[in-house]
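Q: I'm new to this one. Please give me a close look at a single part, the pocket, and at what lies around its lining.

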Amino acid sequence: MMFDPAAVELPALEAPVLVVALRGWVDAGRCGQGVLSYLADHLDAPVDVASLDISGLADLLHDRPEIRVVDGQVTSLAWPSIDVVAGRAGRDVLTVSGPEPARGWRSLVDALVELALRAGVVESYCIGGIPAGVTHHEDVRVLASATDAALAARLGDLRPDYHGPTGLQTCLQAALAARGIPCLALGAELPPYVAATPSPPAVAAALSRLRRLADVKVDVAGLDAEADAYIAAVEARLAARPDLAEL
C-alpha cells in the first residue's frame, strides 16, 4: 500500500460527499479534471488532506514530473501525485484528483475506500468525459451509471450497456459500493474531434448534474464566458479545415 489511510489526519466532516476525477480513462475534454479544479477553487475553507506520491506507480513518460523555472533558475520539482482535499460547498465535500497510475490499482482503490470510510462519506461520484457520436453544436449530455438498480432507476440518461475494459475510477466505484458507499459515475459526451482539449461546456454540464444529484452548491455561471470562447475557437478551427466542414 502506498499510504496508510489510518495515518491521514482528517478534518471534522459531516456526511461528506466524495467526488473523484482521475486523469486517464476516460476523461475526454479533461471534463473530470475540469470539474475537480473548478470545484476546488470554489470550496469554502479548503483543507489539503493528503498528497499521495505515485511516482513509483505512474507512467512517467505520460505523466511527467513538473518543474518551475523562474529567471532561469529551477525553483521546484513536483512528482505525480493524487491529491485529497476537503472543504464545503453547501455541504461537506472530499475531492480526489490526479493522474490515473499505471499500476498498483488494487492497493490504491483499497486505500481510498478506507479513507472514505474514515471520513464518513455517505455518497460518492466519479466524473469523466466520453467520446461519442455527437457534435459541438449540441447541448452536452451527461450520462450516468450507478452501483445498484434502484439508484440507476431514478437517474435518467443512463450509460448504454457495456462489457469491456475499464479504468481505475470504475474499479473504485465498484469497491465503494461493496463497502456500503453508493457511487454514481457521470460521463459527459464529447465529439471525438475535440476530445483531446479542455472543454468548458462539458465541465459546466457535468457540474450542473453533480449539483442536482449531490446537492453541491457551486455557481457554474463563471464557465459561461469560457464556454462561448471555446465554441468560437472550435468553429474557427473547423473553418480552416475544409475536410471537416460537415461537422
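**Around the pocket**

A: Searching the whole structure turns up 0 aromatic pairs (Phe, Tyr or six-membered Trp rings with centres within 6.5 Å). This is a predicted model, so local features need pLDDT of at least 70 and side-chain atom pairs 80 or more, while totals for chains, interfaces and linings use all residues. Numbering runs from 1 along each chain as written, and side-chain values use heavy atoms, without hydrogens or water.

Now the largest pocket: its volume is about 410 Å³ (an open set of 1 Å grid points where a 1.4 Å probe fits, with protein on both sides within 12 Å along at least five of seven lines; the volume is what probe spheres on those points fill). Its lining counts 22 residues (an atom within 4 Å of a point), and V26, I130, R159, T170 and A185 come closest to the centre. By type, that lining splits into 12 nonpolar, 9 polar (Gly goes here) and 1 charged.

Strand 7 (123-131) gives the most, 5 residues. Strand 8 (142-146), helix 4 (168-178) and strand 9 (183-190) each add at least two (DSSP runs of at least four residues for helices, two for strands).

Back to R159: its charged end sits over the ring of Y162, 4.9 Å from the ring's centre (within 6 Å, and within 35 degrees of the ring normal).

Key
Phe/Tyr/Trp six-rings, centres within 6.5 Å; stacked < 30°, edge-to-face > 60°.
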